[in-house]
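Biologist: I am new to this structure. Please take a close look at one part, and set it against the whole.

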Amino acid sequence: MEQIIRIAVQKSGRLSEDSLSLIKECGIKFYNGTGKLKSTSTNFPIEFLFLRDDDIPGYVSDGVADLGIVGENEVTEKNKEVLTLKKLGFSKCRLSLAIPKGEEYSGIEYFQGKNIATSYPKILGDFLNLKKIDAAIHEISGSVEIAPSIGLAEGICDIVSSGSTLMMNGLKEVEEIFKSEAVLIANNHLAEWKKVIVDKLLFRMNAVQKGRSSKYVLLNAPNESLEKIISLIPGMRSPTILPLAQPGWSSVHSVLSEDQFWENIEELRAAGAEGILVVPIEKMVI
Ligand code: PRT
Ligand code: ZN
């Protein structure tokens with residue numbers, strides 16, 4: 001039998017686009033026609049299952065899929081036995097408690113004896129237990145935000161990203177109970193040959209992620225300030241220094257994180273750097 005691993009990704013929704021572009025940036029080619037539920041890569045031993053995100057932790061823990069890309073909120077809520085291999089840095093959001101805007105919020109005791117509507121009964125239940133709050137959890141699968149206005153519950157616990165859905169529904173966020181982003185999960189009992197393929201995939205994902213967060217910087221500097229400039233942009237091993245045609249000047253090439261770049265830009269300019277170019281990096285292997 002051909003040795004191939006299976007990864008479950010969301011069919012359509014907030015995770016799909018970023019999941020598929022990460023895989024494509026790893027150089028993995030596949031056909032993803034609309035309505036297709038399965039697809040096999042043409043240049044990497046991997047098969048894709050396109051599923052609802054709610055089902056992904058279960059499929060991975062059962063071993064129907066070896067890997068999955070899903071939000072941490074779903075992994076924790078479904079409480080299945082899976083390994084989290086890697087945080088992927090997209091689909092960031094939080095799970096929060098919210099109450100009607102006009103209500104006064106005194107602290108978590110506000111929820112004592114109250115009704116809370118949510119699609120995340122496990123995460124909410126664990127949080128309330130920890131805080132020793134006795135509240136009734138009403139599990140509903142969608143449109144949680146309207147629960148207070150129709151009299152179903154006094155508060156809600158739902159995913160928040162920009163906060164505009166809460167605002168539009170006359171609610172205010174009062175407690176953040178869980179932070180989430182997309183993660184790569186794996187079955188707990190992968191065969192050794194599957195682990196080898198998973199490691200290859202992880203190696204590529206790491207190279208893509210490092211590339212995304214780093215920049216290639218080129219600048220011109222007078223030779224007398226090279227020492228100072230090198231200390232500001234030390235790069236991977238050390239920067240490349242090339243002489244310019246104009247005597248007394250050099251071109252300095254280095255790699256640094258975008259944050260580092262913004263932190264050091266003023267000092268670089270003060271040290272005499274000019275003609276500064278910042279170029280994206282596609283992949284980076286250290
Ligand atoms: O059909 P399927 O079951 O696969 O998808 P789904 O509808 O269950 O999930 P989907 O695609 O909406 O979200 C997938 C995952 O994206 C979630 O499990 C989270 O991990 C993550 N994510 C990131 C979000 C949000 N941001 C988000 N804003 N999931 C949901 N929302 C919703 C939230 O429920 C609320 O209705 O957006 C609204 C709040 O957004 P703001 O920006 O108004 O605050
Ligand atoms: Zn879902």
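Modeller: What follows looks at one residue, F261, and then at the whole protein. This is a predicted model, where local features need pLDDT of at least 70, side-chain atom pairs count only at pLDDT 80 or more, and totals for chains, interfaces and linings use all residues. Residues are numbered from 1 along each chain as its sequence is written, and side-chain values use heavy atoms, with hydrogens and water left out.

Start with the place of F261. The residue sits in helix 8, residues 258–270. Helices are DSSP runs of H or I with at least four residues, strands are E runs of at least two, and both are numbered from the N terminus. The protein has eight helices and 15 strands.

F261 counts as buried because its relative accessibility is 7%. Buried means under 20% relative accessible area, exposed over 50%, partly exposed in between (1.4 Å probe, protein chains only). Of the 286 residues in the protein, 44% are buried.

Now the neighbours. Leaving out residues up to four places away in sequence, F261 touches V217, L256, I276 and V278. Contact means heavy atoms within 4.5 Å. In the protein, 69% of the contacts with a separation of 6 or more join residues 24 or more positions apart.

H138 is another matter. From F261 to H138 is 48 Å, C-alpha to C-alpha, and 123 residues in sequence. The C-alpha trace of the protein spans about 80 × 60 × 35 Å along its principal axes.

Definitions and conventions
Chains lettered and ligands numbered in written order.
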